[in-house]
Amino acid sequence: MGWIIWIIETLMCLGAGWLVAAALYPDKGVSHRLIATLLVAPSLILLAMQALGLPGLLRPVWLGLVAPVVFAVPAWGAWRRLGRERALALLRSDAGAPARLAREAWHEREPAVLTVVAATGVLLFASLLVWIYKSWTWDPTWYHVPITAYAIQMGSLDWIDTSVPWTQSHPKNVELLAAWNCIFPLDNRLDDSSQLPFAVLGAAVTAAWAHAAGARKTFAAGVGAAWVLLPPMFLQMWSTHVDVACGAFLSAAVFFLRERPSARDRWMCLLALGLYVGSKMTGAFHLLMLGPWVAARGGLELWRARGERWRLAGDMALSVLALMAVGSFKYFQNLFKTGNPLWAFRVKVPLLGTELPGKFDPAEFYGTRPGESPLFFGAPDAFAHLLRSWYVEVPTFWPDVRTGGFGPVFAYLLVPCLLVLVLELVSPRSWKRNLPILALALVSLTVQAAWWPRFVMGVATAGLVALGVVHGQGVRGSLRPGLSLLFLGLTTLTFWQGASAQVTRSDLFMYAKHFEQALRASPLERSALQVVDWLWPTEWNLTKESELKAGDVVVYDQSAYFLAEFFTRDYRTRVEYVPSDIDVREYLARIDALKPRWVGVQRGSAAERVLRERRGAEFLFLTPRFDTGVYRMPQAP
């Protein structure tokens, strides 16, 4: 029943998002409406979940009742604005877009459109991987997926008591969207699913922008699909690392800043920025960077409004509130709890010289001097490191790609196209078209460790749009098909390098060896498979799933790393953090109060010894890679 409710309510949300998009952009193409839908729909879900999560009412029943109301209000307004005939005509038009694209591609003999077929296959395969594999990648199992699990367990967005600061402090949008996909069926099958729609968003933004910049529709669709086929995208989009979503949001925000200021573009830009800010802290820095541009456009809107300035000012205030509604919660919670909205990093406030408290200096992670920001190429030799990553270093095609750039198509085609756009700036006639593209590329690179492709996905969007400009307006005659074939060949090579490594490097990418087993596995077996060597052994995951009952408590301490492994697949247990590096009497008192069935504790610690000697704990296994011993506690008679 839970799966049926999830399907119905998700379709309701998508329908509401499309109606709003159609009401805003009836005069634009299907790509515009798709982009707006993929911004509005997750925003509506997040509004419903936050409205219930803040008072601690985030339960399936309440969410099932409240969410349709949240979806219905904007849907009804959009329906009234469109009217039945206009809405149905737009729906028929959008539904027929793939067939029209196929006919145009055949008529134009455009080979680049083949990437659309490949990208569609990749998205379907990625969905299959989400369905058959438990969450296994490093960062998600460490702290992203636990955010989802804690939200469902607690039924709230309260501060999480845990030893992993990123689970406490990280913005939650992508993880809460995963919680939406898990909370109705109470099943963790889709806890890695929430980035998949944003892979489509990134492709749609790239295609729409390339077409607007001069590329023919079929070639623009090809470069949009190529966004999905770049290794940093397709290797990560079936996990909750959040970088694919953030790259798509940033690209969408700048996309809506490129035309004459309008209320509808302002709303979409601010929604995209809010979703980005609420997904990762780099969004806060990019919001500050883009803020003057957004404000200048708002001022131009007001100046042109003349007799309607008060009404427009109210509309602007509402759009800013929409940004805050989907983007600001975690920063306010961090500020209230720690005095630092960007906790757990220590932050030195520019100009004031004040340092906000935190557990970590960013320099520890990103190679800057102690106390210096890693942003804006703050690390020594950052630009040279960036170029080495793009052109020299051998890539490791892991889901969080950190070296090798975006592959040969980026290094040898997209970067030269960006340079062409830079050279064109000598002519002011190109500024309106080229400056937003170059601004996206530049802004994308002003992050920590810009040489990690996962952090700078917007620069790939900019490169693909630049290719669309060159193809549409920079080449003519027989050169155009040649450029299409070069693009298709380099994109194929780029995709092959990333995809084939998952199979040929089976010593490194161990999860691929378990594909057939995971495909045939029952839901219980799937949730227990040790597909990579840092997860719990399969036998103990199976024991956890069979032995622990609803309401049972599982405890871990500061030695535990991959917190997702402590939760059952249907969220029936309660996972609690009890540090073991405290006085053993206090530790035992907390254990006695919680009455846990299983306890994870630092191997060799005093707490482990007293659990065995004074409470009769039975050793079960040692978690891989980290010295956490898992014990079974005796049940009271």
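Student: Which residues of α20 are buried?

Tutor: This is a predicted model, and the burial along α20 is computed from its atoms. The elements that cover the buried residues of this helix include α19 (382-391), α21 (431-445), α22 (457-474) and α23 (479-504). Reading along α20, the buried residues are P408, V409, F410, A411, L413, L414, V415, C417, L418 and L421.

Student: What distance separates the end C-alpha atoms of helix α20, and what span should its residues give?

Tutor: Helix α20 runs over residues 408-423, which makes 16 residues. At 1.5 Å a residue these should span 22 Å, so the expected value agrees with the distance between the end C-alpha atoms, which is 22 Å.

Student: Where in α20 does a kink lie?

Tutor: The proline in question is P416, and the kink, of about 30°, comes shortly before it. L414 is also among the buried residues of α20. The kink in α20 lies at L414.

Student: Where does the kink in α15 lie, and of about how many degrees is it?

Tutor: Helix α15 has 24 residues, and its reach of 34 Å from first C-alpha to last is close to the 34 Å expected at 1.5 Å a residue. Within this helix the kink comes shortly before the proline P292. It lies at L290, with a bend of about 45°.

Student: Which elements do the buried residues of α15 pack against?

Tutor: The buried residues of α15 are T282, G283, A284, H286, L290, V294, R297, G298 and E301. Just after this helix, R306 takes a positive phi of about 55°. The packing partners of the buried residues of α15 are α13, α14 (263-277), α16 (309-327), α17 (329-338) and α21.

Student: How many cavities of 30 Å³ or more does a search of the whole structure find, and what is the volume of the largest cavity?

Tutor: Rolling a probe the size of a water molecule over the atoms shows where empty space is left. Applied to the whole structure, the search finds six cavities of 30 Å³ or more. The largest cavity has a volume of about 150 Å³.

Student: Which element supplies the largest share of the lining of the largest cavity?

Tutor: The lining is made up of 15 residues, and those closest to the centre of the largest cavity are V145, N188, D191, A564 and F567. By character the lining residues divide into six nonpolar, four polar and five charged. Both α7 (138-154) and α26 (538-547) supply at least two residues, but the largest share, three residues, comes from α7.

Student: Which element gives the most to the lining of the second largest cavity?

Tutor: The second largest cavity holds about 110 Å³ of space, and among its 16 lining residues C246, Y276, T282, F455 and V456 lie nearest its centre. Two or more lining residues come from each of α13 (243-255), α15 (282-305) and α22. The lining residues divide into seven nonpolar, six polar and three charged. The element that gives the most, with four residues, is α13.

Student: Why does P523 count as partly exposed?

Tutor: P523 lies in helix α25 (residues 523-528), and its contacts, not counting residues up to four places away in sequence, are R189 and R569. Partly exposed is the class between buried, under 20%, and exposed, over 50%. P523 therefore counts as partly exposed because its relative accessibility is 37%.

Terms used: Residues are numbered from 1 along each chain as its sequence is written. This is a predicted model: local features need pLDDT of at least 70, side-chain atom pairs count only at pLDDT 80 or more; totals for chains, interfaces and linings use all residues. Side-chain values use heavy atoms; hydrogens and water are left out. The expected span of a helix is 1.5 Å times one less than its number of residues. The bend at a residue is the angle between axes fitted to the seven residues ending there and the seven starting there. Buried means under 20% relative accessible area, exposed over 50%, partly exposed in between (1.4 Å probe, protein chains only). Contact means heavy atoms within 4.5 Å. On a 1 Å grid over the protein atoms alone, a cavity is a set of points where a 1.4 Å probe fits but cannot get out, and a pocket is an open set with protein on both sides within 12 Å along at least five of seven lines; lining residues have an atom within 4 Å of a point. Grid points are joined across faces, edges and corners, and a volume is the space filled by probe spheres set on the points. Ala, Val, Leu, Ile, Met, Phe, Trp, Tyr, Cys and Pro count as nonpolar, Asp, Glu, Lys and Arg as charged, and the others, Gly among them, as polar.
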